[in-house]
Amino acid sequence: MTSKLLFLSFILLLLGSLPSMTESYGRREKICGISSLISEELFKTLFLHKDDSACPANGFYSYQAFIEATKRFPKFGTTGCLATRKREIAAFLAQISHETTGGWATAPDGPFAWGLCFKEEISPQSNYCDDSVKQWPCYPGKSYKGRGPIQLSWNFNYGPAGKALGFDGLKNPERVAEDPTTAFKTALWFWMTEQKPKPSCHDVMVGQYVPTKADIEANRTAGYGLVTNIINGGLECGIANDARVNDRIGYFQRYAKLFNVDTGPNLDCQNQKHF
């Protein structure tokens, strides 16, 4: 066989192996999950003060619990191109940081370095029981106050979250503030689950949100602002320069820089009608 034929055979052999090489890479990416995008070191940099003695949740929200929880939702942080994946993770962590923030304007390292400071609502004004929701009846003596990274609230969230994750959220809502992996799982459940007429936060951040006619009329455009609308739009959206919305944005901007990704458009929801 001539040298030219040998070279041609080598090229054909190499080209034939490319699909399996690509598949192997894809499998490795899937196995690694989001830990390939957010290391423990980066996690600590994002949440500089979560374990300070001043934070009631100190020692609770571990990196290991977060990574373990993401395994229950394999599409989180693994959908789309690299920038989309990073942006979704940054957006999720920014929203839970606002929900659990212990920061203030002049806080050490700035107000956006104090996420995951709380694991449950302090001095709730009610037990968050909606008796009109018959599918998820409240259990006597139980409070469905905000708990965990997303501050899961109300019986109509605790019930389905518990059912999806394998615990009785109505009889044992306290578990969300007792087990860190469960806590992160409830936040991810809320993030990943469509609750019509609301889309899922995940679909919004990865470009899979398809607005309805009502969404278009309400100016609910895709972006981080729409995620805020999904989470707490009834109280925060349709308001110019709302401090709570600005806090969510501040966390997102800091985290996006640390992930080396842009935030994308439509950061606020001041021109959106809530759901």
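Buried, as the word is used here, means under 20% relative accessible area, while exposed means over 50% and partly exposed covers what falls in between. The structure described below is a predicted model, and this vocabulary helps in reading its cysteines.

Three disulfides are found in the chain, counting pairs of cysteine sulfur atoms within 2.5 Å. A disulfide is a covalent bond between the sulfur atoms of two cysteines. When the bonded cysteines are numbered in sequence order, the pairing reads 1-2, 3-4, 5-6.

One of these bonds joins Cys55 and Cys117, whose sulfur atoms are 2.1 Å apart. Cys55 sits in the loop between α2 (40-46) and α3 (63-70), and Cys117 sits in the loop between α4 and α5 (155-165), so this bond ties together parts that are 62 residues apart in sequence. The torsion about its S-S bond is about -100 degrees, so the disulfide of Cys55 and Cys117 is left-handed. Cys55 and Cys117 are each buried.

Another bond links Cys237 to Cys269, again with 2.1 Å between the sulfur atoms. Distant parts of the chain are connected here: Cys237 belongs to the loop between α9 (224-236) and α10 (243-258), and Cys269 to the segment after α10, 32 residues apart. About the S-S bond of Cys237 and Cys269 the torsion is about -85 degrees, so this disulfide is left-handed. Both of its cysteines, Cys237 and Cys269, are buried.

The bond between Cys129 and Cys138 has its sulfur atoms 2.0 Å apart. With 110 degrees about the S-S bond, the link of Cys129 and Cys138 is right-handed. Cys129 has a relative accessible area of 21%, so this residue is partly exposed, the limit for buried being under 20%. Cys138, at 22% relative accessibility, is partly exposed as well. Two further cysteines can be described by their accessibility. Cys81 is partly exposed, with a relative accessible area of 47%, whereas Cys201, at 0%, counts as buried.

Attention can now turn to the annotated positions. An unreviewed UniProt entry carries the annotation "domain: Glycoside hydrolase family 19 catalytic" over residues 55-77. Within residues 55-77 the chain is 35% helix and 0% strand, and the C-alpha atoms at the two ends are 27 Å apart. The unreviewed UniProt entry also places the feature "active site" at Glu99. In the model, Glu99 is found in helix α4 (residues 82-99). The relative accessible area of Glu99 is 22%, so the residue counts as partly exposed. Setting aside residues up to four places away in sequence, Glu99 touches Pro149, Ile150, Gln151, Ile231 and Arg248.

Glu99 also appears in the description of the largest pocket. About 860 Å³ of space lies in this pocket. Its lining consists of 34 residues, and those nearest the centre are Glu99, Gln151, Ser153, Ile231 and Asn232. Two or more lining residues come from each of the elements α4, α5, α9 and α10. Among the elements, α9 gives the most to the lining of the largest pocket, with 8 residues.

Ser153, one of the residues nearest the pocket centre, lies in the loop between α4 and α5. Its relative accessible area is 15%, so Ser153 is buried. A polar atom of the Ser153 side chain lies 2.8 Å from the backbone oxygen of Gln151, and Gln151 is likewise listed among the residues nearest the pocket centre. Beyond its neighbours within four places in sequence, Ser153 is in contact with Tyr128, Tyr144, Lys145, Gly146 and Tyr158.

Lys145, a contact partner of Ser153, is also placed in the loop between α4 and α5. With a relative accessible area of 15%, Lys145 is buried. The side chain of Lys145 makes a polar contact with the side chain of Glu120, at 3.4 Å. Apart from residues up to four places away in sequence, Lys145 touches Glu120, Glu121, Pro124, Asn127, Tyr128, Leu152, Ser153 and Tyr158. Tyr128 and Tyr158 thus appear in the contact lists of both Ser153 and Lys145.

Notes
Residues are numbered from 1 along each chain as its sequence is written. This is a predicted model: local features need pLDDT of at least 70, side-chain atom pairs count only at pLDDT 80 or more; totals for chains, interfaces and linings use all residues. Side-chain values use heavy atoms; hydrogens and water are left out. UniProt positions are given in the numbering used here, feature names are shortened, and annotations may be inferred rather than shown by experiment. Helices (H or I, at least four residues) and strands (E, at least two) are DSSP runs, numbered from the N terminus. Buried means under 20% relative accessible area, exposed over 50%, partly exposed in between (1.4 Å probe, protein chains only). Contact means heavy atoms within 4.5 Å. A polar contact is a pair of N or O atoms within 3.5 Å; within protein, one must be able to donate a hydrogen and the other to accept it, and residues adjacent in sequence count only if both atoms are side-chain atoms. On a 1 Å grid over the protein atoms alone, a cavity is a set of points where a 1.4 Å probe fits but cannot get out, and a pocket is an open set with protein on both sides within 12 Å along at least five of seven lines; lining residues have an atom within 4 Å of a point. Grid points are joined across faces, edges and corners, and a volume is the space filled by probe spheres set on the points.
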